[in-house]
Amino acid sequence: VRFPEDLEDDNTTFNPEYSHQVFGDDEVAFGYKGLKILLYYIAGNLSTLFRIEYTSKVNEKFDCVEADDVESKIREIIPPGFCTNTDDFVSLLEKEVNFKPFGMLLHTYSVHNEEAGEDITYQIHKADMTCPGFRDYHERLQTFLMWFIETASFIDVDDERWNYFLVFEKYNKDGATLFATVGYMTVYNYYVYPDKTRPRVSQMLILPPFQGEGHGAQLLETVHRYYMSSPTVLDITAEDPSENYVKLRDFVLVKLCQDLICFSPGKLMQGFSQEMVKEAQQKLKINKQHARRVYEILRLRATDMGDAEQSRSFRLDVKRRLIGPYKKKQRELAKMRRCLRPEELTNQLNQIDLNMQHEQLEESFQQLVTDYRRVLERLAQA
């Protein structure tokens, strides 16, 4: 909500992707007809208005069943201090002009908005719990995780090893410049013996109205650039990354690596090298596993897939990496031959069908090539 009229505007509304973390696996609130759970957030500081509406509700006295206590379930995830009536909320909205982004400005960028017919400016800030007002703001911000990240949990904000990176949009209201929350990322700094840290991305969320505009890539690249300058950082990883996050990371890391000397087309055609691992890690804080994916994507770009020899060389190179798990199974099978009785061995052999392995390997390879081509298409448009 930026303007009072947004309260009645369905175009500014977005629905949750998940509700099982609040309402259970079946995602059902029992005992109501026409139930609406309404959560409004002021665009910048995320002050909250919470209301429940319904046309009818079961009555314990007459229906002998009790409706779910929806309000208590919501109160468990939104911090206290929220509004319950519109007038209080609108009066808070009038003070929004005083809200300013938290922490240190790291990056400013623009995105052209077709609807508005103009470039809109965004800022990325790094904050921590010492910033005045940030603790309360973060409590309101993290409530979105419950609706948009499938396995979300709230973090321990008293642990000083957390870093917070925030994206804000600049907009005008009555001649004043205001800021709207776009998304954020939390990063935990793990200790690596003897004197390094390994930042690990924990949570990343771009709010639905801003998705598909490139903010995730801007945020991840800014975070990488922030840690790249630190001599104590070993590399940057992610905790249980989603499929979408892996695609985003592929794009950002390839964009960063493509200008490194060791990833030049001539060197790519010679195969993955220790030089690539070293330069990616030292200059960009990229670990070996991620550097390998970057190499494969850039090698695909440098390969003429219409040339039989180049295409075969690329395919074999990627499959040699993909075949690792299958080779592990074969080593386990060799051990079984020595240890198991014949009938037990037959049972295990039935589970390890070599033809199926070859099919799975080819399927994995084709899926990777498809994913890599998408990264390269996005890179060409960047």
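This passage walks through the overall build of the chain and then the packing around helix 11.

The model is predicted. Its chain folds into 15 helices and 10 strands, and along the principal axes the C-alpha trace spans about 70 × 55 × 45 Å. Of the 382 residues in the chain, 43% are buried. The exposed area comes to about 21,600 Å², with carbon and sulfur atoms supplying 47% of it. Sequence-distant pairing is well represented: among contacts between residues at least 6 apart in sequence, 65% join residues at least 24 apart.

A good place to look next is a stretch marked in the UniProt record. An unreviewed entry there annotates residues 249-300 as "domain: Histone acetyltransferase type B catalytic subunit C-terminal". Over residues 249-300 the chain is 71% helix and 0% strand, and the C-alpha atoms at the two ends of this stretch lie 17 Å apart.

Helix 8 (residues 243-257) is where D250 is found. The axes of helix 8 and helix 11 come within 9 Å of each other and cross at roughly 75 degrees. The two helices are therefore roughly perpendicular. On the helix 8 side, the contact is made by V246, R249, D250, L253, V254 and C257; helix 11 contributes H290, R293, V294, I297 and L298. Sorted by class, the residues of this contact are seven nonpolar, one polar and three charged.

D250 itself deserves a closer look. With a relative accessible area of 6%, D250 counts as buried, because the cut-off for that class is under 20%. Neighbours within four places in sequence aside, D250 is in contact with R293, I297 and V375. Among these partners, R293 and I297 also appear on the helix 11 side of the contact between helix 8 and helix 11.

Helix 11 (residues 288-302) also packs against helix 12 (residues 308-322), their axes coming within 11 Å and crossing at roughly 170 degrees. Since angles over 145 degrees count as roughly antiparallel, helix 11 is roughly antiparallel to helix 12. From helix 11, the residues involved are R292, Y295, E296, R299, L300 and A302; they meet Q310, S313, F314, D317, V318 and R321 in helix 12. This contact divides into five nonpolar, two polar and five charged residues.

Taken together, helix 11 is roughly perpendicular to helix 8 and roughly antiparallel to helix 12.

Technical notes:
Residues are numbered from 1 along each chain as its sequence is written. This is a predicted model: local features need pLDDT of at least 70, side-chain atom pairs count only at pLDDT 80 or more; totals for chains, interfaces and linings use all residues. Side-chain values use heavy atoms; hydrogens and water are left out. Axes are lines fitted to C-alpha atoms, for helices over the stretch in contact, and angles run from 0 to 180 degrees between N-to-C directions. Helices (H or I, at least four residues) and strands (E, at least two) are DSSP runs, numbered from the N terminus. Angles under 35 degrees count as roughly parallel, over 145 as roughly antiparallel, 65 to 115 as roughly perpendicular and the rest as oblique. Contact means heavy atoms within 4.5 Å. Ala, Val, Leu, Ile, Met, Phe, Trp, Tyr, Cys and Pro count as nonpolar, Asp, Glu, Lys and Arg as charged, and the others, Gly among them, as polar. UniProt positions are given in the numbering used here, feature names are shortened, and annotations may be inferred rather than shown by experiment. Buried means under 20% relative accessible area, exposed over 50%, partly exposed in between (1.4 Å probe, protein chains only). Accessible areas come from the Shrake-Rupley method with a 1.4 Å probe; for residues, only the protein chains shown count as cover.
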